[in-house]
Amino acid sequence: MTISTCDLGSSGEGYIKTKAKAVAPKNSIRRGCGGGARSSILVGVGGAHLPCPARGSPWSLLMTLTRFVTKNAFRNKRRSILTVLSIAFSLLLLTLMMTIWRAFYLDQGSAESAERLVVRHRVSLTFNLPGFYREKIRAIPGVVSVIPVSWFGGIYKDQKPENFFAQFGTDPEEFFKTYRDIQMPEDQITAWQRDRQGVIVDSSLAKKYGWKLGDRIVLQGTIYPINLELNIRGIYHSNPDNKSVYFNAKYVEEAVDFFKGRAGTFSILAASPSDVSKVASAVDDMFRNSPQPTKSESEKAFGLEFVAMMGNVKAFILSICSAVVFATLLVSANTMAMSIRERTREVAVLKTLGFTRRGVLGLFVSEAVALSLAGGLIGAGLGWLMVYGLTHSPQFFSFFPMKVTVGIWVVGMLTSGLVGLLSAALPSYHASQINIVDGLRHIG
């Protein structure tokens with residue numbers, strides 16, 4: 001008689017089909033796979049019956065083995081579900097860390113932001129710069145426009161975090177020449193430029209507070225001893241939302257004596273991205289020996305200085321990612337080791353049915369990868385939902401655009417698949433080396 005792999009049980013149990021000839025008893029013969037007369041002997045490693053793939057059909061064989069692997073991966077549902085949830089939670093943290101890393105260090109912003117640079121006092125942001133620096137900077141080759149941008153830091157309504165947003169004094173005449181990636185109707189631009197008390201607000205802030213054109217808002221001064229009574233003359237759109245308001249800096253200069261003729265920083269639009277470094281060097285060289293030396297840097301580098309205030313963020317993110325991957329590997333490895341150890345006799349039966357060592361190794365590794373990918377998919381999905389909810393929350397404020405991209409999804413899924421592969425490699429290899437006789441004698 002010959003042994004075939006038809007009718008394998010989906011959870012490790014199967015039937016051995018023995019091809020019988022005319023000498024076999026009639027009551028032991030039935031129609032089997034491929035139309036031949038076969039007798040069935042139950043081997044008792046037990047589970048649901050799967051149809052035998054048609055001969056000469058690799059696709060049918062692949063589908064049958066895929067179903068076999070999937071059902072075996074979840075044969076112990078409680079353990080498998082807990083493992084998937086553990087991997088999902090780990091991938092959730094990993095997705096968040098990769099999103100933050102991308103926002104801080106990889107995202108370059110819009111094409112227009114790559115052409116902008118910021119000039120501040122070399123010592124600290126708390127020191128102002130003389131206003132006449134603006135005209136000197138404008139004369140530098142490669143400078144298209146330059147405007148003052150001064151932080152006001154006022155209080156709207158109260159000091160609750162949900163009522164915080166960025167507030168800047170600037171020059172309405174050249175603001176949209178420098179920030180060309182901010183869009184607002186022409187009539188609103190004109191209205192803002194004509195009103196010394198005018199202010200333009202981000203569309204997300206207008207939606208949050210129910211602001212409309214013509215409304216008046218009051219910002220209570222903290223840094224400057226003045227309360228700004230501002231008329232909303234425009235609602236602009238930016239991508240991503242910067243959740244900021246911009247008013248005429250002359251309003252503060254006329255009301256506060258020590259700020260007259262001063263500016264917190266200058267924003268410069270260069271002719272091209274290649275001119276940014278040249279302009280930065282020229283500005284710093286020009287004021288190197290002045291009482292108020294400058295530090296000029298790209299808009300992206302200026303934003304990263306705020307990140308640097310929190311410490312070594314890169315090392316922090318990398319350490320968390322490494323710990324997450326290592327913990328996920330331990331969880332997955334423990335699950336696979338327990339699962340494979342419980343199925344020693346089943347491995348012997350599979351080898352009896354004709355599975356090679358490579359086939360047994362592939363089946364167990366596939367189960368681990370299937371579990372890990374399931375957890376990775378759930379974790380990455382939850383990470384996307386969390387980031388989406390966070391960035392669309394009225395209380396969220398960040399100068400960096402946070403978004404779970406396709407690349408982050410791919411890295412997360414590759415990481416989860418690699419974890420499954422590594423966690424199952426060693427126990428699966430030992431299982432594939434089991435001797436048939438020793439395996440059938442195993443109790444446990």
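Strand 8 and strand 12 (residues 244–248) run parallel and are joined by five bridges. This briefing concerns a predicted model, and it treats the surroundings of strand 8, the pairing of strands 9, 10 and 11, the enclosed cavities and the setting of one histidine. A search of the whole structure finds four cavities of 30 Å³ or more, and the two largest are described below.

**Strand 8 and its partners**

- Strand 8 covers residues 166–170, and five of its five residues are buried.
- Both faces of this strand are covered: Ala166, Phe168 and Thr170 lie on one side, while Gln167 and Gly169 lie on the other.
- In the parallel pairing with strand 12, threonine 170 stands opposite asparagine 248.
- Strand 8 is also joined to strand 7 (residues 143–151), in this case by two bridges and in the antiparallel sense.
- Within that antiparallel pairing, serine 150 faces glycine 169 of strand 8.

**Strands 9, 10 and 11**

- Strand 11 (residues 227–236) pairs with strand 9 (residues 198–202) in the parallel sense, over five bridges.
- Isoleucine 200 has glycine 234 of strand 11 as its bridge partner.
- Strand 11 pairs with strand 10 (residues 216–220) as well, over five bridges in the antiparallel sense.
- Glutamine 220 is placed opposite asparagine 227 of strand 11.
- Strands 10 and 11 form a hairpin, with six residues between them.

**The largest cavity**

- The volume of the largest cavity is about 70 Å³.
- Its lining consists of Asn72, Ala73, Arg75, Asn76, Arg79, Ser80, Thr335, Met336, Ser339, Glu367 and Leu371.
- Four helices each supply at least two residues of this lining: helix 1 (58–73), helix 2 (77–106), helix 10 (313–341) and helix 12 (357–391).
- Helix 10 gives the largest share, which amounts to three residues.
- By class, the lining of the largest cavity comprises three nonpolar, five polar and three charged residues.

**The second largest cavity**

- The second largest cavity has a volume of about 40 Å³.
- Ser150, Trp151, Phe152, Gly169, Tyr224, Phe247, Ala249, Val252 and Phe259 form its lining.
- Strand 7 and helix 7 (249–255) are the elements that give two or more residues to the lining of this cavity.
- Seven residues of the lining are nonpolar and two are polar, with no charged residues among them.
- The lining includes Ser150 and Gly169, the two residues that stand opposite each other where strands 7 and 8 pair.

**Histidine 121**

- Histidine 121 belongs to strand 5 (residues 116–121).
- This histidine counts as buried because its relative accessibility is 6%, and the cut-off for buried is under 20%.
- The side chain of histidine 121 reaches the backbone nitrogen of valine 123 at 3.1 Å.
- When residues up to four places away in sequence are not counted, histidine 121 touches Phe127, Asn128, Leu129, Pro291, Gln292, Pro293 and Lys295.

Key
Residues numbered from 1 in each chain as written. Predicted model: local features only at pLDDT ≥ 70, side-chain atom pairs only at ≥ 80, totals over all residues. Heavy atoms only, no water. Buried < 20%, exposed > 50% of the residue type's maximum accessible area, 1.4 Å probe, protein only. Pairing = 2+ DSSP bridges. 1 Å grid on protein atoms, 1.4 Å probe; cavity = no way out; pocket = protein on both sides within 12 Å on 5 of 7 lines; lining within 4 Å. Points joined across faces, edges and corners; volume = space filled by probe spheres on them. Nonpolar A, V, L, I, M, F, W, Y, C, P; charged D, E, K, R; others polar. Polar contact = N/O pair within 3.5 Å; in protein donor to acceptor, adjacent residues only side chain to side chain. Contact = heavy atoms within 4.5 Å.
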